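I opened my notebook to work through this structure bit by bit. These are my entries, in the order I looked things up.

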Amino acid sequence: MKFSENRKIFIRRALLLVLLVFTAVFQHTDGAIPPLFGTKAMLLVPLTVAIAVHERSITGLVCGTLAGILWDCATVRGDGFFSVYLAVIGFLAGCLVTHLMRNNIFTDLIISLFSISAVNVTYWLVFIHLKGYEGSVQVLFSYYLPSVLYTMVFAFVYYYIVGLIHKATVPKQKIREL
């Protein structure tokens, strides 16, 4: 492998890391993304899926773990829930695209929809419903499920941003092989 190829990989991973940190800050800054009907977009999930779809399983795992750590650092609990969940999502999305699916926008949207739904419903079930909070079912239908739809809008955006980064930094020989 030539030095210029390693440099491009380093640049690509550095750009993805900057995008990851910027997205985490953007997600957790009040007012950065206007809430839609009281729901917030969970931007780190579709970004993790987009990175995993373009970069495959190991990079998806690492970026998912970093995204989850950033998310856990910004929450009150900080118990590692998002770190584990996004690591699994990144790894599975990368494996699905490597072995079963093709890398296109529809695959990204399907995996993003499933991933966002799984994160929201699992979080609601573990931290709200099983704790016995009153009105927890109403919270699911008024906050967590609409949040899935709101976040899906950003899945389009992140798929194309990560795709542009990937296309600009993949060596030309590698593009022909794909």
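**Entry 1: what "buried" means here.** Before listing anything, I wrote down the cut-off: a residue is buried if its relative accessible area is under 20%, exposed if over 50%, and partly exposed in between. I also noted that I'm looking at a predicted model.

**Entry 2: helix H3.** I asked myself which residues of H3 are buried. My list reads Ser 57, Thr 59, Gly 60, Cys 63, Gly 64, Ala 67, Gly 68, Trp 71 and Asp 72. Then I checked the length of H3, which runs over residues 57-74. With 18 residues at 1.5 Å a residue, H3 should span 26 Å, and its end C-alpha atoms sit 25 Å apart, so the two values agree.

**Entry 3: confidence.** I looked up how sure the predictor is. The mean pLDDT of the protein chain is 90, and 93% of the residues score at least 70. Which elements have the lowest and the highest mean pLDDT? The lowest belongs to helix H7 (residues 172-177), at 56, and the highest to helix H2 (residues 44-55), at 96.

**Entry 4: two loop residues with positive phi.** Next I went through some backbone angles. Phe 37 sits in the loop between helix H1 (3-28) and H2. Its phi is near 55°, which is positive even though Phe 37 isn't a glycine. Is Phe 37 buried or exposed? Its relative accessibility is 76%, so Phe 37 counts as exposed.

Arg 56 gave me a second case. I found Arg 56 in the loop between H2 and H3. Its phi is positive too, about 85°, and Arg 56 is not a glycine either. At 29% relative accessibility, Arg 56 counts as partly exposed, because that value falls between the 20% and 50% cut-offs.

**Entry 5: H5 against H6.** Now for helix pairs. H5 covers residues 105-129 and H6 covers residues 136-169. Their axes come within 9 Å and cross at roughly 150°. That makes H5 roughly antiparallel to H6, because angles over 145 degrees count that way. The crossing of H5 and H6 is right-handed. I also wanted to know how the residues of this contact divide. I got 19 nonpolar, 7 polar and 1 charged.

**Entry 6: H4 against H5.** I did this pair the same way. The axes of H4 and H5 come within 11 Å, with a crossing angle of roughly 155°. H4 and H5 are therefore roughly antiparallel to each other. The handedness came out as right-handed.

**Entry 7: H2 against H5.** How are H2 and H5 oriented to each other? The axes come within 9 Å and cross at roughly 140°. H2 and H5 are therefore oblique to each other, because roughly antiparallel would need an angle over 145 degrees. This crossing is right-handed as well.

**Entry 8: residues in H6.** I picked out a few positions in this helix. Leu 140 is found in H6, and at a relative accessible area of 9% it is buried. I compared its place with His 129: the two are 11 residues apart along the chain, and their C-alpha atoms are separated by 9.0 Å.

Ala 155 lies in H6 too. Its relative accessibility is 0%, so Ala 155 counts as buried. From Ala 155 to Gly 80 is 75 residues along the chain and 24 Å between C-alpha atoms.

Thr 169 is another residue of H6. Thr 169 is buried, with a relative accessible area of 7%. What separates the C-alpha atoms of Thr 169 and Arg 12? They are 5.8 Å apart in space, with their positions 157 residues apart along the chain.

**Entry 9: Phe 81.** My last stop was in H4 (residues 81-99), where Phe 81 lies. Phe 81 counts as buried, as its relative accessibility is 13%. I tied Phe 81 back to Thr 169 as well. Along the chain Phe 81 and Thr 169 are 88 residues apart, and their C-alpha atoms are separated by 32 Å.

Conventions
Residues numbered from 1 in each chain as written. Predicted model: local features only at pLDDT ≥ 70, side-chain atom pairs only at ≥ 80, totals over all residues. Heavy atoms only, no water. Axes fitted to C-alpha atoms, helices over the stretch in contact; angles between N-to-C directions. Helix = DSSP H or I, 4+ residues; strand = E, 2+ residues; numbered from the N terminus. Parallel < 35°, antiparallel > 145°, perpendicular 65-115°, else oblique. Left-handed = near helix turned anticlockwise from the far one by under 90°. Nonpolar A, V, L, I, M, F, W, Y, C, P; charged D, E, K, R; others polar. pLDDT = per-residue confidence, 0-100. Expected span 1.5 Å × (residues − 1). Buried < 20%, exposed > 50% of the residue type's maximum accessible area, 1.4 Å probe, protein only.
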